[in-house]
Amino acid sequence: MDVSFLGTRLCNCISYSRGNEIGLHGPRPRCGRRAITLLTTSEESQELSHNAASIPASGCACCGRRGALGALAGALSASFNVKSSAYASSGSHDPKLLVESVRGKRPGWYEEFFAEVMETGMQSYEMQVEDRKLQLFSSLDDKALKVLELGVGTGPNLKYYANRPDLHVIGVDPNQHMEKYARAAASAAGLQDSQFNFVHAVGEALPLEATSVDAVVCTLVLCSVKDVAVTLKEVKRVLRPGGSFLFIEHVAAPAGSSLRIWQDLLNPVQMFVADGCHLNRHTLDDIEDASFALVEAQNIIIPNLSLIGPHVIGMAQV
Ligand SMILES: C[S@@+](CC[C@H](N)C(=O)[O-])C[C@H]1O[C@@H](n2cnc3c(N)ncnc32)[C@H](O)[C@@H]1O
């Protein structure tokens, strides 16, 4: 991510060295259930799958209308039953206000800059994870017709929906400057205009009806959301029964490793330069704690990414 982009450079600047000590350990056990993984310094991995009891999804929803966003929300409402109860209950009809109330206000120039960095600086990362993404996206079954790309950014995943004329992608992102890049990516992927909507919103308050999507895809986003648990609640709420949550996220290195020490040290800088991205989140623990019916995941190391090398990749089902 940009985070990675900037973070990697920052890390390289301080001559951080990464070695075999980076071997990942599975996240510490929490609820007597374990979903995952053990990985070392390469791309080898062991996969453990795990089942956990499901709990009813719950959460809030929101929506608003103003100008073009209102038109978009209206169009979405028609095709995806966009829910506006959270806005209604909060008394706000402005998506921008809701986004700001969740994640704080960002200067326009900062969001624009971040979007541009994401657009121009992620090619090599995307090449590195391409095989993994191909594998992950191949697990989307033919019945997945409505896909929510949470934190769609510049749309690097949209190419994985090519050749699916029956598919509709809703790209949610709080940074409106991502929209032009995401639209271009959708078009480059051969998606028709009607197959892609960009929605200005946050994961913590999705403007979508409960059980309204078949799959949620989230890549390099849970590091940046304000509240991971609330976001995951929302993911569960909008997924239809049996729907899938696909994720690839960079995560904290094992406690005690030198990489982790650097992650903890540089986290405040990373958050500042990379739009709130955390280097040291235990995202898999959070996903497990969200009580999906099933979680399958791997801890992996993406080579040459320094601070953001440790990743978790997988799928959860409601
Ligand atoms: C590092 S980028 C990743 C974008 C894209 N998913 C990718 O794989 O390149 C993180 C994205 O998450 C978005 N984001 C930040 N906070 C968010 C939130 N609370 N809810 C949804 N998206 C958020 C950012 O605007 C940004 O587009």
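Here is a friendly exchange about the predicted model shown above.

Colleague: Before we start, what is the mean pLDDT of the chain?
Modeller: This is a predicted model, in which local features need pLDDT of at least 70, side-chain atom pairs count only at pLDDT 80 or more, and totals for chains, interfaces and linings use all residues. Residues are numbered from 1 along each chain as its sequence is written. pLDDT is the predictor's confidence in each residue, from 0 to 100. In this chain 71% of the residues reach 70 or more, and the mean is 78.

Colleague: Over which residues is the pLDDT below 50, and how many contacts does that stretch have beyond near neighbours in sequence?
Modeller: Two residues are in contact if their C-beta atoms, placed from the backbone, lie within 7 Å. Beyond near neighbours in sequence, the model gives 203 contacts to the stretch with pLDDT below 50, which is residues 1-91.

Colleague: Thanks! How many helices and strands does the chain have?
Modeller: Both are DSSP runs numbered from the N terminus: helices are H or I with at least four residues, and strands are E with at least two. By that rule the chain has ten helices and ten strands.

Colleague: Is strand β4 mostly covered or mostly exposed, and which strands does β4 join?
Modeller: A residue is buried if 20 or more other C-beta atoms lie within 10 Å of its own, exposed if 12 or fewer, and partly exposed in between, with C-beta atoms placed from the backbone. Four of the five residues of β4 (residues 146-150) are buried, so the strand is mostly covered. Two strands pair if DSSP finds at least two bridges between them. Here five bridges join β4 in parallel to β5 (residues 168-173), and four join β4 in parallel to β7 (residues 213-219).

Colleague: Nice. Which residue in β7 stands opposite Leu148?
Modeller: On the β5 side, Leu150 stands opposite Val172. On the β7 side, the residue opposite Leu148 is Val216.

Colleague: Turning to helix α5, over what arc do its buried residues lie?
Modeller: The buried residues of α5 (residues 108-121) are Phe114, Ala115, Met118 and Glu119. They sit on the same side of α5, because the arc they cover around the axis (taken from the directions from the helix axis to the C-beta atoms) is only 135°. On the other side, the exposed residues are Trp109 and Thr120. So the arc asked for is 135°.

Colleague: And helix α7: against which elements do its buried residues pack?
Modeller: In α7 (residues 178-188) the buried residues are Met178, Tyr181, Ala182, Ala185 and Ala186. Seen down the axis, they fall within an arc of 140°, so they line one face of the helix. They pack against α5, β5 and β6 (196-200).

Colleague: What is the phi of Leu220?
Modeller: Leu220 is found in the loop between β7 and α8 (228-238). With 24 other C-beta atoms within 10 Å, Leu220 is buried. Its phi is positive in a residue other than glycine, near 60°.

Colleague: Where is Ser291, and what is its phi?
Modeller: Ser291 lies in the loop between α10 and β9 (294-301). Ser291 counts as buried because 20 other C-beta atoms lie within 10 Å. For this residue, again other than glycine, phi is positive and near 55°.

Colleague: Last one: what separates the C-alpha atoms of Glu288 and Ala316?
Modeller: Glu288 is in helix α10 (residues 283-289), and is buried because 24 C-beta neighbours lie inside 10 Å. Glu288 and Ala316 are 28 residues apart along the chain, and their C-alpha atoms are separated by 8.9 Å.
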